[in-house]
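User: Hey, can you walk me through this one? I'd like to hear about the pockets, and then whatever else turns up.

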Amino acid sequence: MVDPIDEYVLQQLKDFDGHKLRNTSKEGLELNQTEDEKKKLEEQKASFEGLCKLCKEILGDKIEKVQVSQRLNESPCALVTSEYGWSANMERIMKAQALR
């Protein structure tokens, strides 16, 4: 979904054909996890807590928070939007409209 209209449509369209639609670039994405995976994630969060605090201190007000996630496989980090905020693509669209 790369067309500008897609951003507007997905803000209003919450489900399709019995499936709930979610933007994967927003926080709060919950993947189906087993109890073992949930336990492992909690252990990882505890072990990386110091690193997360250090990253937040270094980046300061440029970011809201740093946290451990299981949504990534090969990338070291991901920038996500708050659950009710604009996605990066929507911000780009709105800035382009304001400059015309």
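Analyst: Sure. Let's begin with the second largest pocket: helix H1 provides the largest share of its lining, 4 residues. Keep in mind that this is a predicted model.

User: Ok, and how many residues line the second largest pocket in total?

Analyst: There are 20 lining residues, and Leu-10, Leu-21, Arg-22, Asn-23 and Lys-26 are the ones nearest the centre. H1 and H4 each contribute at least two residues to that lining.

User: What's the volume of that second largest pocket?

Analyst: About 650 Å³. Its lining splits into 7 nonpolar, 6 polar and 7 charged residues.

User: And the largest pocket, what volume does that have?

Analyst: That pocket comes out at about 1300 Å³. It has 34 lining residues, with Val-66, Gln-67, Val-68, Ser-69 and Ala-78 nearest the centre. H2 and H3 are the elements that give two or more residues to this lining, and H2 gives the most, with 5.

User: What kinds of residues are in the lining of the largest pocket, by class?

Analyst: You get 17 nonpolar, 8 polar and 9 charged residues there.

User: Switching topic: how many salt bridges are there in the whole structure?

Analyst: The search finds 2. One of them pairs Glu-27 with Lys-65, where the closest N and O atoms are 3.0 Å apart. Glu-27 sits in the loop between strand S2 and helix H2, while Lys-65 is in the loop between helix H3 and helix H4, so this pair ties together parts 38 residues apart in sequence.

User: Is Lys-65 buried, partly exposed or exposed?

Analyst: Partly exposed, because its relative accessible area is 46%, and the partly exposed range runs between 20% and 50%.

User: Where does the salt bridge of Lys-53 and Glu-49 lie?

Analyst: Both residues are in helix H3, 4 residues apart, which is about one turn of the helix. The closest N and O atoms of Lys-53 and Glu-49 are 3.5 Å apart. Glu-49 counts as partly exposed too, at 42% relative accessibility.

User: Last thing, the surface. Which residues make the nonpolar patch?

Analyst: Met-1, Ile-5, Tyr-8, Val-9, Leu-10, Leu-13, Phe-16 and Leu-21, together making a patch of about 760 Å². Helix H1, residues 4–12, gives the largest share of the patch, 4 residues.

User: Why can Val-9 be in a surface patch?

Analyst: Val-9, which is found in helix H1, is partly exposed with a relative accessible area of 39%. Patch residues need over 30%, so Val-9 passes that cut-off.

Note on methods: Residues numbered from 1 in each chain as written. Predicted model: local features only at pLDDT ≥ 70, side-chain atom pairs only at ≥ 80, totals over all residues. Heavy atoms only, no water. Patch = residues over 30% accessible without salt bridge, like charges linked within 9 Å, V, L, I, M, F, W, Y side chains within 5 Å. Areas by Shrake-Rupley, 256 points an atom, 1.4 Å probe, with all protein chains shown as cover. Salt bridge = Lys/Arg side-chain N within 4 Å of Asp/Glu carboxyl O. Buried < 20%, exposed > 50% of the residue type's maximum accessible area, 1.4 Å probe, protein only. 1 Å grid on protein atoms, 1.4 Å probe; cavity = no way out; pocket = protein on both sides within 12 Å on 5 of 7 lines; lining within 4 Å. Points joined across faces, edges and corners; volume = space filled by probe spheres on them. Nonpolar A, V, L, I, M, F, W, Y, C, P; charged D, E, K, R; others polar.
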